[in-house]
There are 2 protein chains.
Amino acid sequence: MLDADDPESPDQDLKLRQFLTYRLVRLQSRLNVQASRYLAEHAGITLTDWRIIAMIDSLDNTTLTYLNRETGLDKGQLSRKLRSLTSRGLVSSQQDNQDSRVQHLTLTAEGKSIVDAMLPRMRARQRFLTGTLTEDELSALHRSIDKLERAAETTEFET
Amino acid sequence: MLDADDPESPDQDLKLRQFLTYRLVRLQSRLNVQASRYLAEHAGITLTDWRIIAMIDSLDNTTLTYLNRETGLDKGQLSRKLRSLTSRGLVSSQQDNQDSRVQHLTLTAEGKSIVDAMLPRMRARQRFLTGTLTEDELSALHRSIDKLERAAETTEFET
DNA sequence: ATGATAAAGTTGACGTGTCAAGTTACCTGT
DNA sequence: ACAGGTAACTTGACACGTCAACTTTATCAT
């Protein structure tokens, strides 16, 4: 039972947890906790709220469909989140003149002030995170992410 | 608003998406889709089901609390998932003799056969994924994940 | 012994993520 | 001009994740 070659060996959990994907899950979860806590504390918003208002701020002439395409966030989720954000007065939506299906999204003054206050801080966070890596490590990381994303599109990987 | 030099620059969305954390979110999501699809197709189970039964298989004398500590999965979620897994006949649980609070978890024959069938395939997937990286890239990636995890514990990052 | 404390697991509540179907409005070919 | 298709959202359904309160049982200090 203690032989490393034995398929029932108790150190398999170690191996399991060294699966790259397990490590990424855990990293992701910790980063989310960090960002969520920070945003809740300093701006009273959630991480998804933040992603949406930051995107609305950074894109011109935003609509739900456009946000969906740009961020990959689900249309349904966006629809509900946007209702919440408009009812809280952070986003305002205005019907298009020509096409009454489309709603143009803009930040209200309050929404804008949150983004203006938080964007530098969120950028500082990115710098802090990437600052723990060397230049080489950072560029290698981006390259590895590229490769892994491509590999994630494959559906069969039997030998 | 992502470019300090040109607040209205039209390529801002690009920069936003180059935030390391955004890239990790997207990578994570694609890896999850890949693994979930694969598991659903070949074993009819979800990714969380898989994590749990793979852990039960690899650990000796498993209990809910132990799983919780080892995997970081929420106790509540584990409790519900385990009920589903036992009712589906993949896991069996048995009360401890000394301490009637604890339930020892083991795989049923069916659960075990799923793990035995899928573990090599999931390992093959890991090899496939890591195989797209060079040795150096892989070790740099692990190192970077370590560093980022540590950085994710920090709560303040103002300059 | 026994009362405070804590551990194992369960349950409830609530936000998030994902898929699919539905509604309304526009567009296009005849 | 109008039928069929498609686009922009909305709504519904359901799994997942996360937090906290709760129940039951054990432990430990006195």
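Copies are superposed by least squares, using the C-alpha atoms of residues with pLDDT of at least 70 in both. This is a predicted model: local features need pLDDT of at least 70, side-chain atom pairs need pLDDT 80 or more, and totals for chains, interfaces and linings use all residues. Residues count from 1 along each chain as its sequence is written, while chains are lettered from A and ligands numbered from 1 in the order written.

**View 1. A turn of 180° lays chain A on chain B.**
The fit has an RMSD of 0.1 Å. The shift along the axis is 0.0 Å. This is therefore the relation of a two-fold axis. Look for Leu141(A): in chain A, its C-alpha is the nearest to the axis, at 3.0 Å.

**View 2. Chain A meets chain B.**
How many residues does each chain bring to the contact? Chain A brings 52 and chain B brings 51. (Contact means C-beta atoms, placed from the backbone, within 7 Å.) On the side of chain A that touches chain B, the elements giving two or more residues are helix 1 (12-18), helix 2 (20-43), helix 3 (47-58), helix 6 (109-131) and helix 7 (135-151) of chain A. (Helices are DSSP runs, H or I, of at least four residues, numbered from the N terminus.) Helix 2 of chain A gives the most to this side, with 13 residues. By class, this side of chain A has 25 nonpolar, 12 polar and 15 charged residues. (Ala, Val, Leu, Ile, Met, Phe, Trp, Tyr, Cys and Pro are nonpolar; Asp, Glu, Lys and Arg are charged; the others, Gly among them, are polar.) Of the interface residues of chain A, 94% are also interface residues in chain B, so the copies meet through the same surface.

**View 3. Helix 2 of chain A packs on helix 2 of chain B.**
The angle between helix 2 of chain A and helix 2 (residues 20-43) of chain B is about 135°. Their axes lie 10 Å apart. (Axes are lines fitted to C-alpha atoms over the stretch in contact; angles run from 0 to 180 degrees between N-to-C directions.) Helix 2 of chain A is therefore oblique to helix 2 of chain B. (Under 35 degrees is roughly parallel, over 145 roughly antiparallel, 65 to 115 roughly perpendicular, the rest oblique.) From helix 2 of chain A come Thr21(A), Leu24(A), Val25(A), Gln28(A), Leu31(A) and Ala35(A). From helix 2 of chain B come Thr21(B), Leu24(B), Val25(B), Gln28(B), Leu31(B) and Ala35(B). This contact holds eight nonpolar residues, four polar and no charged ones.

**View 4. Inside chain A, helix 3 packs on helix 6.**
Helix 3 of chain A and helix 6 of chain A pack at about 100°, with axes 10 Å apart. They are therefore roughly perpendicular to each other. Helix 3 of chain A supplies Ile53(A), Ala54(A) and Asp57(A). Helix 6 of chain A supplies Gly111(A), Lys112(A), Ile114(A), Val115(A) and Leu119(A). Five of these residues are nonpolar, one is polar and two are charged.

**View 5. Inside chain B, helix 3 crosses helix 6 at roughly 100°.**
The axes of helix 3 (residues 47-58) and helix 6 (residues 109-131) of chain B come within 10 Å. Helix 3 of chain B is therefore roughly perpendicular to helix 6 of chain B. Helix 3 of chain B brings Trp50(B), Ile53(B), Ala54(B) and Asp57(B). They meet Gly111(B), Lys112(B), Ile114(B), Val115(B), Met118(B) and Leu119(B) in helix 6 of chain B. The classes here are seven nonpolar, one polar and two charged.

**View 6. DNA strand C is surrounded by 20 residues.**
The closest are Gly76(A), Leu64(B), Thr65(B), Gly76(B) and Ser79(B). (Near means a C-beta atom, placed from the backbone, within 6 Å.) Two or more residues each come from helix 5 (75-87) of chain A, and from helix 4 (64-71) and helix 5 (75-87) of chain B. Helix 5 of chain B has the largest share, five residues. The surface near DNA strand C has three nonpolar, 11 polar and six charged residues.

**View 7. DNA strand D is surrounded by 21 residues.**
Which residues are the closest to DNA strand D? They are Thr63(A), Gly76(A), Ser79(A), Thr46(B) and Gly76(B). Helix 4 (64-71) and helix 5 of chain A, together with helix 5 of chain B, give two or more residues each. Helix 5 of chain A gives the most, with five residues. Near DNA strand D there are three nonpolar, 11 polar and seven charged residues.

Technical notes. Two residues are in contact if their C-beta atoms, placed from the backbone, lie within 7 Å.
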